[in-house]
Amino acid sequence: MLFCPHSALKPVIAEWAIRCVWCGVLGLWLFLGGGSQPVAAQYCFDSWTTDDGLPQNGVRSIGQTPDGYLWFTTLDGLVRFDGVRFTVFNRSNSKGIVSNRFTQLFVASDGTLWTTTEGGNLTRYRQGVFSTIPVIIPGAATNPQEISDFREPEPGRVLLLISRNWYQLFEGVFALVKSIPPNRLLKTYQGQTGATWTLTPDLITEERRGVVTTYPTHLTLPYAFDHNPPNPNLRDWNGVFEDHEGRLWVGDLTGMHCFQHGTSQFFGPNEGLPGPTIFHSFWEESDGSLWFASGDSNYQGIGLVCYKNGRMTVWGSSAGLSNNRIYRVFRDREGVVWLATNKGLNRLRRQLVKTYSVAQGLLSNEVYPILQTRNGDIWIGSTLGLTRIRGTQFTPMEIKKPFEVGALALLEDKTGCLWVGSVGRMFWYENNRFEQVPEFTETPATIFQDSQGTIWVGCGNGLFQFQGKNLTGRLTTANGLPHNDVKVVYEDSGGTLWVGTYGGLVGFRDGQRVTYDEAHGLAGNRVRALFEDKQGTLWIGTYDNGLSRLKNGRLFTYRLEQGLFDNGVFSLLEDFHGYFWISCNRGIYRVSKQELNQFADGLKVKIQSTVYNKKDGMFSTECNGGRQPAGIKASDGRLWFPTQDGVSVIDTEAVSLNSMPPPVRIETVKVEREPVADLTAITLLPDQDDLEITYTGLSFIKSEQVRFKYRLLGKDDDWLEAGTRRTAYYTYIPPGTYTFQVVAANSDGVWNQQGASLTIRVLAPLWQRWWFLLSLGLLAVGLTALLFWARITELRRRQAAQVAFSRQLLESQEAERQRIAAEMHDSLGQHLLVIKNWATLGLTLSTAEAKNRQQLAEISETATEALNEVRQIVYDLRPYQLDKIGLTQTLRFTIQQLLASAGMEPKVEIDEIDGLFPKSQEIIVFRIVQECLNNIVKHSLAATVTIAIKRESDIVAIAISDDGCGFDATRTGAAKSGFGLTGLSERVRMLGGDHHIHSIPGEGSHLSFRLPIHEQAQP
């Protein structure tokens, strides 16, 4: 809250009117005894009525089931409560309930909830199912009957009190267990300290360790000693209690009696306990206080009563209790006390924040600076002036006559002089008088004295320096300030003077200056609070942009998204337990300094903030800052914060941390906005996309501050911070199986890591089902296989056709070669032979001239050469030796002839391979070897050729190597010579074999062939 200087500049008449009113209020307050400071530990009530969700205001009984829920009975339904939301069970929404008028309630050790309704019905709630049994007693004059009380003497054995008889329900039948005498003239009570007390209306006897003490008395007791009680079904009177000191407390219709050491003490109307009423439901708190309630369905009450240090204090409707007649008192597992009244549900809560206002003696509720001086006085500055609190006395301090002067900044210097900043002026207070600082017309926001004794006054126009009471200097943006509007000054343990402005933070030390602003990582430029902890870390609060930590020269910033309750940090104070208390415009919140450091170090993912506001005793949640000191830690450890409606004081030692993790429950699951019954596992159909899950955390201390996080394992494995939101929404979840997990933390940051879980199975659409996908897959595989088979078949057919064509072509070639060879041998060869023979005969018989003989000789020689060439051509076309001497010898002959004619040295090693191939294939084998040798002879320039033809079981291996020039086999095609390598490949393929060609230019060649032996051809 920013202070408006115009609020202090009021007309003279208005100022005098305010002074008169204030004096009248103060006089009346002192006359009424208001000068005594109230005790720090105050109490207040939270209440819930039909406006908040109760079906009816008359709450009759309270209980808590093991799962953590609170249950209430009303005359219009049974109610379950999680601290935030009510769930009502009645005839219209719950099968098994026959009446909405619930009365008694009892929770058994196994979690079964037993309730009664008007008209004599017993309703049981077990494992989410209601069932109702009429209370029928065999042989009774009237049925059904009312149940007035429950007991569980041992686990699993529940007894019911019906017409002064105890019954047990066994297989649907009420069996009598024990009868109670109709006229009970005495009551025996076993105390917690070991004493046995016997009570009658006129005498109480105490037996303790064998010593008997009697207490003559006259008690006006209800019910237990009434010969003719107004309602025989009323619960047993429980107005007797022994405290930890061994005192017996007995409440009767006149008041409260206390018995100890043979004496008695009575507390009645003079002590604030008017009768007639009934007292019941005693308990003790850890601070030694004794509490009990008053009133029931037949007697008016006075509210809740506390006895401490010999004094009775009544907490009734004037303190916020919805009704003084209390039916039941229940203390839950966290120690929270709940009260059932006829006008609503109440929760007793310790009021941790005590607020002082004009009613206690402040000049104004609009408070700004707060200071404690060395003598223990508390000084409160406000828009109307200054108030001093000394002990229990509030004293207004008149700064300047005849007008009130607002106090905006305070400092007690080392000499004990009090400095007071106001609008356009400043004052000193010493020797019980105020003196205005001469010629100073600025409005101070902060006044600070450093370790050297220099006084620094921060104003809207810079930082002013005083030595003693003399103004000696001024700092502005011209000489180092990031902004002239100075809000806070602080000196750390290292001697650095820090100045917080509305333009950033600057530190001065030994003539050096360091500046931090948003550009350097500071949370915000509007700096309002500075605090150094014992570790030397500087904490910097801003007006509206969070908190920064300056440690080892590095800044780290915290804001709302990191877990701060608010981005406003007006004042930051540390208690004795390592917690920071921070004021802002929405209240006061507490954070753990350890958590802040752990978050900065990456050890935590979220900060826990605990908020204190009007529910805790603040009159206004709007705190004030920007005027220093904007909060103090007093010498007794209490924290004082200025607000728009008084000063709020927190006794941090009275704040107890809740160490109990809250049970987590999934309450409802809705699919397509329709609830489902099973809260442990659900199945979503393919067209169901809208899923809503409602969950809760069952802590009844600051229930509205319970925090949650959840995740959907299998989809999002990281936790989603939900804050205080209690519903998770999913609009689409892919098919699969998932686990929804939710965990919760109480208001003090204690997490229940186990949480609650829900299994979610999402069915895939038909086209995404496994069997459908499998069928598609099988179909695709089948089609692929079919297509592949068809393709392979087609390729094989083409290959077979190609092989057949090649074979036919080669066979045709061989046949043609054979025909040509035969014709050349039979025709041309014969003719040449005739010519040769005639020429030879002519030479023999002729007597011609030498010239003619020479021509005949030439004819004979030429005919011989032509005949040899014809024979070679015939051999090349079709080696006749294949038919005469076989494949093996033909290959040997051919190799020897070809290589010898080329001048190459052959190295030959040939196994016997005759008969291994059909006749039609022997020529192909021959051609393979022949083609290789022809290529070597024509192209290799080799000196040595190695040929190995081996039989290896069912194959014939042919290896041909040379030491010639080699070639690039990858670039050599059929165009080289004849069929070339392509022809070789084709012939090998026709035989069903394989081959390998290895050749490197300049390094010779190596060719290998592996030709299968046909079974029918094997010998």
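Begin by selecting five strands: E5 (86-89), E8 (121-126), E9 (129-134), E57 (664-671) and E65 (751-762); each supplies at least two residues of the lining of the largest pocket. The model on display is a predicted one.

**Stop 1: the largest pocket**

Colour E57 separately, as the largest share of the pocket lining, five residues, comes from this strand. The lining comprises 37 residues in total. To centre the view, select Arg80, Tyr125, Gly128, Glu667 and Leu679, which lie nearest the centre of the pocket. The volume of this largest pocket is about 1,100 Å³.

**Stop 2: a loop residue after E57**

From E57, proceed to Arg673, which is found in the loop between E57 and strand E58 (674-675). Display its backbone torsions: phi of Arg673 is near 70°, a positive value in a residue other than glycine. Is Arg673 buried or exposed? With a relative accessibility of 69%, Arg673 counts as exposed, because the threshold for that class is over 50%.

A second residue to select for its phi value is Glu171, in the loop between strand E12 (165-170) and strand E13 (173-179). Phi of Glu171 is near 50°, again a positive value in a residue other than glycine. Glu171 is exposed, with a relative accessible area of 71%.

**Stop 3: two cis peptide bonds**

Return to E9 and follow the chain into the loop that leads from E9 to strand E10 (149-154), where Pro144 is found. The peptide bond joining Asn143 and Pro144 is cis, with omega about -10°.

Next, select Gly275 and Pro276, which are also joined by a cis peptide bond; here omega is about -5°. Pro276 lies in the loop between strand E21 (263-267) and strand E22 (279-284).

**Stop 4: Arg208 and its two partners**

The structure holds 34 salt bridges. Select Arg208 together with Glu206 and show the side chains: the two form a salt bridge whose closest N and O atoms are 2.8 Å apart. Both Arg208 and Glu206 are buried.

Add Glu242 to the selection. Arg208 forms a salt bridge with Glu242 as well, and in this pair the closest N and O atoms are 3.4 Å apart. Arg208 lies in strand E16 (residues 203-208) and Glu242 in strand E18 (residues 240-242), so the pair ties together parts that are 34 residues apart in sequence. The relative accessibility of Arg208 is 16%, and the residue therefore counts as buried, the limit being under 20%. Glu242 is buried too, with a relative accessible area of 1%.

**Stop 5: Asp377 and Arg390**

Which distance separates the closest N and O atoms in the salt bridge between Asp377 and Arg390? In this pair, those atoms are 2.6 Å apart. Asp377 is placed in the loop between strand E30 (367-372) and strand E31 (378-382), while Arg390 is in strand E32 (residues 385-390), so this salt bridge ties together parts that are 13 residues apart in sequence. An accessibility colouring separates the two partners: Asp377 counts as buried at 3% relative accessibility, whereas Arg390 is partly exposed, with a relative accessible area of 42%.

Now select Asp46, Arg347, Arg349, Asp616 and Lys702, which are joined into one network by salt bridges that share partners.

**Stop 6: the nonpolar patch and helix H3**

Switch to a surface representation and select Leu773, Leu776, Leu779, Leu783, Leu786 and Trp789. These residues make a nonpolar surface patch of about 620 Å². For one of them, Leu786, the position is in helix H3 (residues 770-845). Leu786 is partly exposed, with a relative accessible area of 49%; this value does not reach the exposed class, because that class requires over 50%.

**Stop 7: cysteines**

To finish, select Cys44 and Cys932. How many disulfides does a search of the whole structure find? The search finds zero. Cys44 is buried, with a relative accessible area of 10%. Cys932 is likewise buried, with a relative accessible area of 3%.

Methods. Residues are numbered from 1 along each chain as its sequence is written. This is a predicted model: local features need pLDDT of at least 70, side-chain atom pairs count only at pLDDT 80 or more; totals for chains, interfaces and linings use all residues. Side-chain values use heavy atoms; hydrogens and water are left out. A disulfide is a pair of cysteine sulfur atoms within 2.5 Å. Buried means under 20% relative accessible area, exposed over 50%, partly exposed in between (1.4 Å probe, protein chains only). Patches are made of residues with over 30% relative accessible area and no salt bridge: like charges are joined within 9 Å, nonpolar side chains (Val, Leu, Ile, Met, Phe, Trp, Tyr) within 5 Å. Accessible areas come from the Shrake-Rupley method with a 1.4 Å probe; for residues, only the protein chains shown count as cover. A salt bridge is a side-chain nitrogen of Lys or Arg within 4 Å of a carboxyl oxygen of Asp or Glu. Helices (H or I, at least four residues) and strands (E, at least two) are DSSP runs, numbered from the N terminus. On a 1 Å grid over the protein atoms alone, a cavity is a set of points where a 1.4 Å probe fits but cannot get out, and a pocket is an open set with protein on both sides within 12 Å along at least five of seven lines; lining residues have an atom within 4 Å of a point. Grid points are joined across faces, edges and corners, and a volume is the space filled by probe spheres set on the points.
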